[in-house]
Amino acid sequence: MKDPFGTEALRTSTLSAWTDSPTRLREDAATEADLVRGGYRNRLLTELAQNAADAAGRGGVGGRLAVWAAGKDLHIANTGAPLDLGGVHALTALRVSAKTSGVGRFGVGFTAVRSVSDEIEFRSTAGGVRFSADDTRAALEDAGLTIPDAGVPVLRLAWPVDEVPLEGFSSEIVLRGVGGDLVETMRAEALDLLLELEALVSIEVAGEVLERTVTGDGLESVAIGDRHWWQYRTDHARWLVPVVDGIPVPAGSDVLRAPTRSDEELSLPAIVIADVPMQPDRRRILPGAPVDCIAEGYGAFLAALPPKFRPLLIPIPGFARSEVDGILRERIIKESSSARWLSSAAGADLIPLRAMLLPGLTDELGSLLAEVFPDLVAAALSGPRHAAALAAVDVHRIGLARLAEMLTGIDREPSWWGRLYDALTPLVADGVAAEELAALPVPLADGRTVTGPRTAVLGTDVGSVGAVHWARLIHPDAASGLLSRLGAATATATDLLADPALQALLDDLDWDDSDAVRDVTGSVLALAAGARDLPSWIGLLPLEDSDGELRAADELLLPDAPLARLLTEDSPFGLVAESVARRHGPQALRAVGVGWGFAALIDDLPTGPDHDLDDEESWWASLPEDPAVLTAVRDLDLVDEGLWPDALTQLVSEPLTRAALQAEGGYTAWWLRTHARIDGVRLGCFRAPSDETFAGLLDPLDHPHADDVAAALAPNVCDSAWFTRLIISRLADPARQPTPVVIARAHRLVAEAVSSGRVELDDLDVPGRVRAVTGALVDPVDALVLDQPWLVAVVPADVAILSTMDTAISLASVLDVRIASESIESEVVGVGRVSTWDREPGAVLACAALGVELPVGQVVVHHDLVVRLTGAVTGEHRLAWWVTPEGITHCAETWDRPRGR
């Protein structure tokens, strides 16, 4: 038999090495076994296909691979370069490879054949070799070597074979005793391998041939059987997306292919086949391998796709399936955000970071807006289907409100605006959308453009409106039903004083034009004499004040208004001129906003802090939910600080302001409690005289209506971090003399504020001194928080911190004070009599006398109960009762204080 590769010499050399070093034999056996069990399990066809691809590349031919079963033998044949001497050395060495390029670079992939067979033949047109477990075992025995526990290293000893490969192939591997069951498994793998290994052009499995065809340039079309993909090549990878009936279907869950499938799970929308360094078993990338470069050129891939499908290939934000997946997702998003691939409404490609998207954009609307906004994303990509993908690449999403703002200043013919309104109509599906378009520009018949349809009037059945000049007529070419939905009014006399157009007129009115001012003032006040509930902006009406100057009506008070004497000297309010008051009367003047007392605001279903109230945002942020109705007093910030006692009296004297002050959780009480000061002290630091919750810690408010303004004073719970800090500081104030019950109550309320989550522990400061139940101030280091009732008898009162047993742990955290039960160790001295509560007459009588339920269970009765304490409290103590850490109750026979656990 010919031996072209010198296998006899190789066997002799290997056996000699094993004889000289049996350890080497065991290492080789273990290495082969580990590769079979671990690295190359379930990768038989993958590894052989990679070898076939490398052979095709070296041979300069299109690779063909064939798999078939013959009896119990499995045959795998391929074209390309035949086996050579370097290849034989690599096959028998386990650790080296004759390859200088290609997929397999570690010389161990062939080991996969050992996962299914012990008898392997490698037939080649240049000569062949075989590997045999039986022959290897016999050779070891002949050499006097012990068979390793891991088994024989089959692939280390090779014998020559004369058989040649199947005609048409350069190499053929025969796996004996395998059977045909593996063929079906390999049939399922063939398609992926043909997709991954470009050196292979066809794979035949049991007579069924799969061939790959690639057409096109740039974005290539790949077909294997009835399956199709689009493929794009970058410097470091091939990107593929499955195509069904001409529509790309994102891949979703897959793995990194380098080029064959690895164990690096991916969640990318495209299949990636990359050239990246892998570990020897090709399941994981090498640590430190440059993974991020794989994504380079992904933006060009997107740009090569048909425009309407491009967003489908953007990874949707989600949890990465592996570290590699996370790196690639991040890099792809970065690459996709800055590449030019996103279709615009004008037909050009945009860079996502510079693009803007209007949800629900239609083709008709897009064609109009593209004239003025070239960076607008195409209508086909503006629906909810692509919203997440475009958000991921930072496409700026604009709403109707922003669109209306951007349209301000756009110069177009009225007919263009009319077409725009009609095109916008499908997007205005509800009141929210209509509200967003409140600032939409509207062209008027007089050539001006105003902001917002609510300030304009549609010219439908418009009759004479007398001397009123503020009705703004919309240009007829711009008239649209949408403007009516957006609030454009009709010119009825009933609505004139509430028309937003009047507000705009007052905003723009030239106060130096005395004739215009006189006209508007006379018309408004004439209408206002019988009007009620006019909008607040009517207060912009210019009126003459007592100094002869013009001021807005809502900045003026009637000459005899009680509010006038309560305000600061720099208050923005003035007094209406006496002549104006006599001419128009107080009723008309108060209707347009001239003040008398404190003004109250009522808003049903308010939506946010947009009522021009002082510090309204802070109050709104403190609410657990939006109020159903907002009733608030205005201008509280203008009261002279020294006149707050009188101001409180004024507030409770009028029903509307009194109700606003007493509203639970209302703005008025919150503002007074937070900002109002009497004698320099914040109103929230006072308590109502009838509220004894914090007596001795907080001073009662000295005011005849103190209980009527209780809502603006200190609460009876610690409802905020500020108030909790106040109570803690007052407890540590030596000038304060609270009673023991107030001390315990205050400690309980502080602890409950933290334990309930109303107040965060980090928002509180640890006091320098803490208040014992006796009222004494002690160092926190010396204090003990009572957390068990029986400890009351042993902890000295001057260091005992009391709240309730349920809140003790929370209080200890707030004050940074030790817990008594954790700081005192006890030992009951002597042996008592073990009994049960129901067997002790003294216990029954004592419980009856105290009006408590008789405990159930075991009790240990002592003639004289003595407990030895160590730790924070020391010494022996004669006690009425005690509970050990094990939960056993001990009582003295006197039954002074019977308690259960």
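**Note on a four-strand sheet, a helix pair and Ser803**

1. In this predicted model, four strands form an open sheet with mixed pairing, in the order β38-β39-β43-β42; strands here are DSSP runs (E, at least two residues), as helices are (H or I, at least four), numbered from the N terminus, and two strands pair if DSSP finds at least two bridges between them. Because β38 (833–836) and β42 (881–883) stand at the edges with a single partner strand each, one side of each is left without a neighbour in the sheet.

2. β42 runs antiparallel to β43 (residues 889–892), to which three bridges join it, and Val883 has Thr889 in β43 as its bridge partner.

3. Helix α22 (residues 721–731) and helix α23 (residues 740–755) have axes that come within 10 Å and cross at roughly 145°, where axes are lines fitted to C-alpha atoms over the stretch in contact and angles run from 0 to 180 degrees between N-to-C directions. Thr724, Ile727, Ile728 and Leu731 of α22 meet Ile743, Ala746, His747, Val750 and Ala753 of α23, contact meaning heavy atoms within 4.5 Å.

4. Ser803, in the loop between β35 (800–801) and α24 (808–815), is buried at a relative accessible area of 9% (buried is under 20%, with a 1.4 Å probe and protein chains only). Leaving aside residues up to four places away in sequence, Ser803 touches Ala744, His747, Arg748, Ala808 and Leu811.

5. Residues are numbered from 1 along each chain as its sequence is written. Local features need pLDDT of at least 70, side-chain atom pairs count only at pLDDT 80 or more, and totals for chains, interfaces and linings use all residues, while side-chain values use heavy atoms, with hydrogens and water left out.

Conventions. Buried means under 20% relative accessible area, exposed over 50%, partly exposed in between (1.4 Å probe, protein chains only).
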